[in-house]
Amino acid sequence: MNSQNFQLAKSFVHESYVKQAEQSRKGREKLIRKLLSNRKLSKDGWDEVTIRLFLQEIASMDSNNFIGNVGAGEREARIFSNIVRERNYGLGHGIGRSGDIGAIQPKAAGSSLLAKLTDSLVLDAMRIAGLKSIKSALVVPVATGMAMTLVFLALRTLKPRATKIILSRIDQKSCIKSIQAAGYEPVIVDNQVVEDEARTDVQSILNSLESDRILCVVSTTSCFAPRAPDDVVAIASLCQSFDVFHIVNNAYGIQSRQSNNWIELASRKGRVDMIVQSTDKNFMVPVGGAIVASSKVDYVKNVAQIYPGRASAQIHIDLLITLVQMGQSTWQELLKEREELFPVLKEELSKIARRYGERLLDTPHNPISMAMTLDHLESKGFSVEFFGSMLFTRFVSGTRVVSRNNNNKKVCGIEFPNGFGAHCTNYPHSYLTAACALGMTRKDIEIFCTRLDECFQEAYEKLALQKKEEYL
């Protein structure tokens, strides 16, 4: 209510009560005004009442929520189910226009405001996490792989003769598919094994760059161990020398200060044209969105303009709610907590590994993921793939088991000799991965390690029983 309505309310309720309510309302309005003015995360997160109030105010700016509005077109944000309407706060128009996902919709001032504000808050959150040089961020309602495809399509107009994209090998199908979906030929450069770690083969990338048909090099900063994040500084220098674009797949790297430092250094030493990252992995929202960011504002605009048609606003709603509820303090606390828990998980996994004749692989450059060998278990004749399913049946998700005895695999028509999943050919160990990602707690680590220990016990009990039966 405005001040006039509060004044009228005094004829029904005691003046002091109304005054108190008015002060509370003004406090919430001040938070909203500050957010719209600063376009940054507030120091402290908002309460749910303020968030709902803000979303209702935004929704009231869209034409489908105008009192007395009559829709006479084919797309009037009509919502049949009240459950769906409530889930979306009445924001049914989506974002963007047919020629630009970042454009303002005349019928949807509220949804347009929502999209612009979300982009601003994401940009602020990324800068807080350490990506200081980023000047523009665009939230797109597709996951990371498809967002990479949009980036490649946007770059096509800038280098129309290019036909190939160099990918420093990352064994995730979406990375290869994103290149092929954009109509380019992937040139996959295998990694080198240095001690336990699969690292960037900078020399092979240099050799591949000698073709004049290369659009860009795609590097990766967040990945499953034993792969190390790419040497983005060296790649950035090469890309600058050969005048090719450098795109960084920073999938869940925002949460890592180390990854962000590498990107910042790469931007200073060479070129980093765009970085792409997931919304769900970095900000704990449902799957379905990605963030395209760059220090070059025009490049991000090109991606917005290549997106065909309007888009769902659901990703923006989820992100906006999450970020204003977090605020700066909680976001910084979550980043710090993840960093502090990483060595804790590492130590606990090391203990279990030693107990069963395994060891934690030495992957010093990976700040999020780690891996322990399953060589001893496999040498006894136990299927490591089955070991992974044992964990899953104990409600442990997210771990990944890779066997050194993998057969050759073909992905998107490309042959990968022995070891797809290990990010290199003929990796010498079978292993299990685990990640200390944003939102993990000490309790999660304790429960995971307890269940992992139980799986080892059960595996060796099965082996003992099998040996006894063979003896009999």
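**Strand 7, its neighbours and the salt bridges around them**

Strand 7, spanning residues 245-249, is mostly covered, with five of its five residues buried. The model examined here is a predicted one. In a regular strand, side chains alternate between the two faces of the sheet. In strand 7 both faces are covered: Phe 245, Ile 247 and Asn 249 are buried on one side, while His 246 and Val 248 are buried on the other.

Strand 7 pairs with strand 6 and with strand 8, and it is convenient to take these partners in turn. Strand 6 (residues 214-220) runs parallel to strand 7, and five bridges join the two. Within this pairing, Cys 216 has Phe 245 of strand 7 as its bridge partner. The connection from strand 6 to strand 7 passes through helix 9 (residues 232-242), and this β-α-β crossover is right-handed. On to strand 8 (residues 274-278), strand 7 again pairs in the parallel sense, here over three bridges. Val 248 has Ile 275 in strand 8 as its bridge partner. The chain reaches strand 8 from strand 7 by way of helix 10 (residues 257-269), in a β-α-β crossover that is right-handed.

The loops leading into strands 7 and 8 are also linked through their side chains. Asp 243 and Arg 271 form a salt bridge in which the closest N and O atoms are 3.1 Å apart. Asp 243 sits in the loop between helix 9 and strand 7, and Arg 271 in the loop between helix 10 and strand 8, so this pair ties together parts that are 28 residues apart in sequence. The two partners differ in their surroundings: Asp 243 is exposed at 55% relative accessibility, whereas Arg 271 is buried, with a relative accessible area of 14%. Through salt bridges that share partners, Asp 243, Arg 271, Asp 273 and Lys 296 are joined into one network.

Across the whole structure, the search finds 25 salt bridges. One of them brings together the side chains of Glu 57 and Arg 25, at 3.1 Å from N to O. Glu 57 belongs to helix 3 (residues 48-59) and Arg 25 to helix 2 (residues 15-38), so the contact ties together parts that are 32 residues apart in sequence. Glu 57 is partly exposed, its relative accessible area being 37%. A further salt bridge links Asp 196 with Arg 359, whose closest N and O atoms are 2.7 Å apart. Asp 196 lies in the loop between strand 4 (192-194) and strand 5 (197-199), and Arg 359 in the loop between helix 13 (314-355) and strand 10 (369-373); the pair therefore ties together parts that are 163 residues apart in sequence. Asp 196 is buried, with a relative accessible area of 7%, while Arg 359 counts as partly exposed at 36%.

Helix 15 (residues 384-393) offers a view of burial on a helix. Its buried residues include Val 384, Phe 387, Gly 388, Met 390 and Leu 391. These cover an arc of only 155° around the axis, which puts them on the same side of helix 15. An α-helix has 3.6 residues a turn, so residues three or four places apart point the same way. Phe 392 and Thr 393 are exposed on the other side of helix 15. After the helix comes Phe 395, with a positive phi near 65°.

Finally, an unreviewed UniProt entry places a "transmembrane region" at residues 136-155. In the model, this span is 60% helix and 25% strand, and its end C-alpha atoms lie 17 Å apart.

Conventions
Residues are numbered from 1 along each chain as its sequence is written. This is a predicted model: local features need pLDDT of at least 70, side-chain atom pairs count only at pLDDT 80 or more; totals for chains, interfaces and linings use all residues. Side-chain values use heavy atoms; hydrogens and water are left out. Buried means under 20% relative accessible area, exposed over 50%, partly exposed in between (1.4 Å probe, protein chains only). Helices (H or I, at least four residues) and strands (E, at least two) are DSSP runs, numbered from the N terminus. Two strands pair if DSSP finds at least two bridges between them. A crossover is right-handed if, with the strands pointing away from the viewer, the path from the first strand over the helix to the second runs clockwise. A salt bridge is a side-chain nitrogen of Lys or Arg within 4 Å of a carboxyl oxygen of Asp or Glu. UniProt positions are given in the numbering used here, feature names are shortened, and annotations may be inferred rather than shown by experiment. The arc is that of the directions from the helix axis to the C-beta atoms.
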